[in-house]
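Hi,

Here is the structure I promised to pass on. Have a look at it first, and then read my notes underneath.

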Amino acid sequence: MLAGVERIRADARAATEAIAELDPEAVVHLAVTSVPAEPGGRAAMKEQNVIGSMQVLAAAQAASGLRKLVVRSSTAAYGASFRDPAVFTEDTEPRAVPRGPFARDILDIEGYVRGFRRRRPEVAATVLRFAPMISSTAETSLTRYFAQPVVPTVLGRDARLQFVHVEDALEVLHRSVIEDHPGTYNVAGAGVLMLSQAVRRSGRVALPFPESALSTGAALLRNLGVEQIGLDQIDLFVHGRVVDTSRLIREFGFTPRTTAVAFEEFIRAHTAGSTVTADRLATAERAILDGIRRVRAAAEATPAGVPAGSDRS
Amino acid sequence: MSQDEYRRDVLPGHAEFQLPTPAPVQRVNGRRPIPERPADRPADGADVWDQRVAEGLAFLRRRLAGAYEVDEFGFDPELTDALFQPILKVLYRDWFRTEVLGIENVPAEGGGLVVGNHSGTLALDALMLTVAMRDKHPQERHLRLLGADLVFRMPVMSELARAAGATVACNPDAERLMTGGQLVGVFPEGFKGIGKRFADRYKLQRFGRGGFVSAALRTGTPIIPVAIVGAEEIYPILADLKPLARLLGVPYFPVTPTFPLLGPLGLVPLPSKWLIQFCPPIPTAHLTEFADDPLVVYNLADQVRETIQATLHELLEKRPDAFGP
């Protein structure tokens, strides 16, 4: 797929030089991380997300031959509030600045894209707001979370989740480069899985914690460098996030596979940690039903008041 | 300008509106509603208990395996029909002896905005309305409630509300549900309605900015006013401890004859007699372009309000004894 493609490994600053040198027709900016990486932590993450995007967009703005800009964003751009509508369309504004670092970075990046659109209105700028990606092989903080045998959840909350299959995300990206689709698009699989439902379907065991305990616990673990579950994930698990994808389907002429189908594929590749599988439940159901039938048959065969075996004489 | 000319010039909505003349009162208080018996009794001698056990186990297995569907608002029809509705129906039928009038005014299909009066300290009237709709409507429709954001702030409560089909009261959600052909239930009085004192019972409070009307106008959905009598007497509010309410972050802290005196026992509602009357729908399809006209919106909201108020008085005449049979 990448035959005949020259690859340049460079950090954001060097990438800006490369853009200036190559005078490209299209710039696709995907370097956005959702969790703090090991060396550098949150500072490095912000450096890459915000400063990196700023530099790339500045370089793109200076490229005179540019016709197209594609920027990866996330549905985290809608923030998380209790007064949010249940389904976000592309026009929904976040009600407050979100507390999660990734969501804040996303809002900054989209702000830079807005500035870019103002200054270079002739360039077709596409912003793709991706739902959390999932597939049999993808490795994200969310897939690691669902791969655990016991999954921590928020007590008294059950989030509505949506996923997008990695291949569908790539297809949308591909089409946004070879076709012209200026604007902002939600990219997610249709349908909704509740967090509890997703945990049950994957055969895992949910372990609910109060929200405050989960926040402090996650912060402690983060300091120890164990698991990278952050405020972004906790906000997602408290509020849930569902987007409307009718604009994507209409403009791109492409329907990503549904959330349930994408998640099903993930489950099939991660059966190792599951304890309560659908098969085991079905077996248990049959066993209990047979047991009850046998007990009832025995009770009916023995009329009340007549001790068993008394008719043998 | 003569009166006629003036009337021709005004915007649609209020000018041609007249309260319907009430029909002669027929008292329903004093006779018990006919008890319902489940119609589908298997008469062929099949093993009923075996069937029930098998169904129950299959339900449990589906729940534990996550093999059910939830819509984008979090509505879980299976759980609602198997768990919430049967529990609420006991309250609806045996405790409140609810009678439903005018169910034929609710459209058989397509969107509809059901607008009701709100009362009763805890929003039991909204829940009873969903039961009435499921129980009495020929198509057994689900009513999708719009709730205050306070409901969705509370853990557990928020998830129960979503699973039962409710969502946050905001125009995007309401319009999305209505364009999806759902029946939406809204109580524009909000906390002013359920938190009012017993002395102010059956006096409709302010209807806010009429956001529900603009949502209906934008989608061309008919508005069905509904009057609910009986909820005012279930927890009569004698006083409202405002400082305590502010401390707890709730809109009001009610003092009823039984709460907080009897503690959790005060949560048992008094067994008042309930009447629910659906009024004829107000079509809005011809007014779509006026969705942003504050005057049309306000007039329509007023029309809905007056219809409900008049129907409430009518129902109260039918029910002279709040705790009668």
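Below is what I found, starting with the contact between the chains and ending with a few backbone details.

One thing to keep in mind throughout: this is a predicted model.

**Where chain B meets chain A**

The contact takes 35 residues from chain B and 28 residues from chain A. Between them, the two chains bury about 2700 Å², and carbon and sulfur atoms give 54% of that area. I also looked at how the chains pair up through polar groups. There are 17 residue pairs in polar contact across the interface of chain B and chain A, and the salt bridges between these chains number five. If you want one to look at, try Asp149(B) and Arg83(A), whose side chains form a salt bridge at 3.9 Å, N to O.

Which elements of chain B give two or more residues to the side that touches chain A? They are helix H2 (48-65), helix H5 (149-153), helix H6 (157-163), strand E4 (167-168) and helix H7 (171-179). H2(B) has the largest share, with ten residues. Sorted by class, this side of chain B holds 18 nonpolar, 13 charged and four polar residues.

**A closer look at H2(B)**

Since H2(B) gives the largest share of that side, I spent some time on it. H2(B) has 18 residues, which at 1.5 Å a residue should span 26 Å; the C-alpha atoms at its ends are 26 Å apart, so the two agree. The buried residues in H2(B) are Asp50(B), Leu57(B), Ala58(B), Arg63(B) and Ala65(B). What covers them comes from both chains: it includes helix H6 (195-201) and helix H11 (278-301) of chain A, together with H3 of chain B. Just after H2(B) comes Gly66(B), with a positive phi of about 75°.

**Backbone details in the loops of chain B**

Most residues other than glycine have a negative phi, and most peptide bonds are trans. With that in mind, here are three spots to click on.

- Arg97(B) has a phi near 45°, a positive value in a residue other than glycine. You will find Arg97(B) in the loop between helix H3 (77-95) and strand E1 (99-101) of chain B. Is Arg97(B) buried or exposed? Its relative accessibility is 6%, so Arg97(B) counts as buried.
- Val156(B) is not a glycine either, yet its phi is positive, at about 65°. Val156(B) sits in the loop between H5 and H6 of chain B. With a relative accessible area of 48%, Val156(B) is partly exposed, because that class runs up to the 50% above which a residue is exposed.
- The peptide bond from Phe259(B) to Pro260(B) is cis, with omega near 0°. Pro260(B) lies in the loop between strand E8 (254-255) and strand E9 (275-278) of chain B.

**One more residue: Arg206(B)**

Arg206(B) is in the loop between helix H8 (191-194) and helix H9 (211-219) of chain B. Its relative accessibility is 56%, so Arg206(B) counts as exposed. Leaving out residues up to four places away in sequence, Arg206(B) touches Pro188(B), Glu189(B) and Lys192(B). Also, the C-alpha atoms of Arg206(B) and Arg305(B) are separated by 8.8 Å, although their positions lie 99 residues apart along the chain.

Cheers

How values were computed: Residues numbered from 1 in each chain as written. Chains lettered and ligands numbered in written order. Predicted model: local features only at pLDDT ≥ 70, side-chain atom pairs only at ≥ 80, totals over all residues. Heavy atoms only, no water. Helix = DSSP H or I, 4+ residues; strand = E, 2+ residues; numbered from the N terminus. Buried < 20%, exposed > 50% of the residue type's maximum accessible area, 1.4 Å probe, protein only. Contact = heavy atoms within 4.5 Å. Buried area = accessible area lost by both parts, 1.4 Å probe. Salt bridge = Lys/Arg side-chain N within 4 Å of Asp/Glu carboxyl O. Polar contact = N/O pair within 3.5 Å; in protein donor to acceptor, adjacent residues only side chain to side chain. Nonpolar A, V, L, I, M, F, W, Y, C, P; charged D, E, K, R; others polar. Expected span 1.5 Å × (residues − 1).
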